[in-house]
Amino acid sequence: MGKARTVRFEDEIDPAVDRFMEKNDINFNKLVNLAVKEFIRKPHTIELQPVDEAEWDRMMKKSYKKYKKTLDELAK
């Protein structure tokens, strides 16, 4: 048997939790256990994807054009 803990949901989440439990015929303890297990197992990192050189050049030109004034002021 696990340790008893208290969970307090934000106001906008609480009704959704009730609806989910009723719709899926699941009790509160089971829902919390499943949610916590899922959260812990998933990685919480950002995976970067390489950008091809043409796309990089296009984005740099766009950024330079948009922020030219700021970049010039920083260069002083």
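## Lys68 and its partner

With a relative accessibility of 39%, Lys68 counts as partly exposed. The value comes from a predicted model, as does everything else in this report. Lys68 shares a salt bridge with Asp72, and their side chains meet at 2.8 Å, N to O. Asp72 counts as partly exposed as well, at 33% relative accessibility. To be partly exposed, a residue must fall between the 20% and 50% limits of relative accessible area, so the 33% of Asp72 fits that class.

Both Asp72 and Lys68 belong to helix α3. The two residues are 4 apart there, about one turn of the helix.

## The other salt bridges

How many salt bridges does a search of the whole structure find? The search gives 3. Besides the pair already described, let's look at Arg58 with Glu55, whose side chains meet at 2.8 Å, N to O. Because Arg58 and Glu55 are 3 residues apart in helix α3, about one helical turn separates them. Arg58 is partly exposed, with 43% relative accessible area, and Glu55 is partly exposed with 28%.

Glu38 and Lys42 form a salt bridge too, and here the closest N and O atoms are 3.5 Å apart. That distance passes because the cut-off for a salt bridge is within 4 Å, from a side-chain nitrogen of Lys or Arg to a carboxyl oxygen of Asp or Glu. Glu38 counts as partly exposed at 43% relative accessibility, while Lys42 is partly exposed with a relative accessible area of 47%.

## Helix α3 and a nonpolar patch

Helix α3 covers residues 53-75. Glu55 has its place in this helix, and so does Met59. For a sense of distance, take Glu55 and Ala16: they are 39 residues apart in sequence, and their C-alpha atoms are 42 Å apart in space.

Which residues make the nonpolar surface patch of about 370 Å²? They are Val51, Trp56, Met59 and Met60. Met59, at 32% relative accessibility, counts as partly exposed. A patch residue needs over 30% relative accessible area, so the 32% of Met59 meets that cut-off.

## Asp25 and its backbone

Now for a backbone detail. Most residues other than glycine have a negative phi. Asp25 is not a glycine, yet its phi is positive, at about 50°.

Where is Asp25 found? Asp25 is in the loop between α1, residues 14-24, and α2, residues 28-41. Is Asp25 buried or exposed? Asp25 counts as exposed, because its relative accessibility is 75% and the exposed class begins over 50%.

## The largest pocket

Finally, here is the pocket you may want to look at on screen. Rolling a probe the size of a water molecule over the atoms shows where empty space is left. The largest pocket holds about 350 Å³ of space. Its lining is made by 14 residues. Lying nearest the centre of this pocket are Lys3, Arg5, Asn29, Val32 and Asn33.

How many residues of each class are in the lining of the largest pocket? The lining has 7 nonpolar residues, 4 polar ones and 3 charged ones.

Note on methods: Residues are numbered from 1 along each chain as its sequence is written. This is a predicted model: local features need pLDDT of at least 70, side-chain atom pairs count only at pLDDT 80 or more; totals for chains, interfaces and linings use all residues. Side-chain values use heavy atoms; hydrogens and water are left out. On a 1 Å grid over the protein atoms alone, a cavity is a set of points where a 1.4 Å probe fits but cannot get out, and a pocket is an open set with protein on both sides within 12 Å along at least five of seven lines; lining residues have an atom within 4 Å of a point. Grid points are joined across faces, edges and corners, and a volume is the space filled by probe spheres set on the points. Ala, Val, Leu, Ile, Met, Phe, Trp, Tyr, Cys and Pro count as nonpolar, Asp, Glu, Lys and Arg as charged, and the others, Gly among them, as polar. Patches are made of residues with over 30% relative accessible area and no salt bridge: like charges are joined within 9 Å, nonpolar side chains (Val, Leu, Ile, Met, Phe, Trp, Tyr) within 5 Å. Accessible areas come from the Shrake-Rupley method with a 1.4 Å probe; for residues, only the protein chains shown count as cover. Buried means under 20% relative accessible area, exposed over 50%, partly exposed in between (1.4 Å probe, protein chains only).
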